[in-house]
Amino acid sequence: MTVQSVEPTSAVTAMTRVLNAPDPLQRDISLHVQRRSGRVGTGEEIATAVAFLLSDDASYVNGSHLAVDGGFLA
């Protein structure tokens with residue numbers, strides 16, 4: 001058994017598009033632009049990271065903390 005944690009940042013998803021909540025999402029977008037990636041990630045990008053940790057490709061990875069944040073915390 002392995003133990004992992006994933007720390008996603010804000011992401012553009014169908015829910016954030018439907019809610020059209022500009023205040024929190026726009027704030028996060030502006031913070032990302034000021035930081036590393038210049039954009040907010042997608043739900044698919046976060047899901048891909050989780051899928052990797054669940055796959056056999058990560059069978060030797062244990063006790064990791066993966067920040068899926070486009071370099072926001074770097």
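**Notebook: fold, confidence and Ala67**

I counted the secondary structure and got 3 helices and 4 strands in the protein. The model is a predicted one, and I kept that in mind throughout. Next I read off the order of the elements. From the N terminus, the run is β-β-α-α-β-α-β.

I looked up confidence before going further. Mean pLDDT for the protein is 79. I noted that 68% of its residues reach 70 or more. Where does confidence bottom out, and where does it peak? Helix H2, residues 22-34, is lowest, with a mean of 60. Helix H3, residues 43-54, is highest, at 94. I remind myself that coordinates predicted with low pLDDT should not be read in detail.

Then I turned to burial and surface. The protein has 74 residues, and 18% of them count as buried. I logged an exposed area of about 5,300 Å². Carbon and sulfur atoms supply 59% of that area.

I checked contacts along the chain too. I took the contacts with a separation of 6 or more. Of these, 75% are between residues 24 or more positions apart.

Last, I picked out one residue, Ala67. I found Ala67 in strand E4, which spans residues 64-68. Is Ala67 buried or exposed, or in between? Its relative accessible area is 34%, so Ala67 is partly exposed: the value lies between the 20% limit for buried and the 50% limit for exposed. I also checked its distance to Ser5. Ala67 and Ser5 are 62 residues apart along the chain. Their C-alpha atoms are separated by 8.5 Å.

Conventions:
Residues are numbered from 1 along each chain as its sequence is written. This is a predicted model: local features need pLDDT of at least 70, side-chain atom pairs count only at pLDDT 80 or more; totals for chains, interfaces and linings use all residues. Side-chain values use heavy atoms; hydrogens and water are left out. Helices (H or I, at least four residues) and strands (E, at least two) are DSSP runs, numbered from the N terminus. Buried means under 20% relative accessible area, exposed over 50%, partly exposed in between (1.4 Å probe, protein chains only). Contact means heavy atoms within 4.5 Å. Accessible areas come from the Shrake-Rupley method with a 1.4 Å probe; for residues, only the protein chains shown count as cover. pLDDT is the predictor's confidence in each residue, from 0 to 100.
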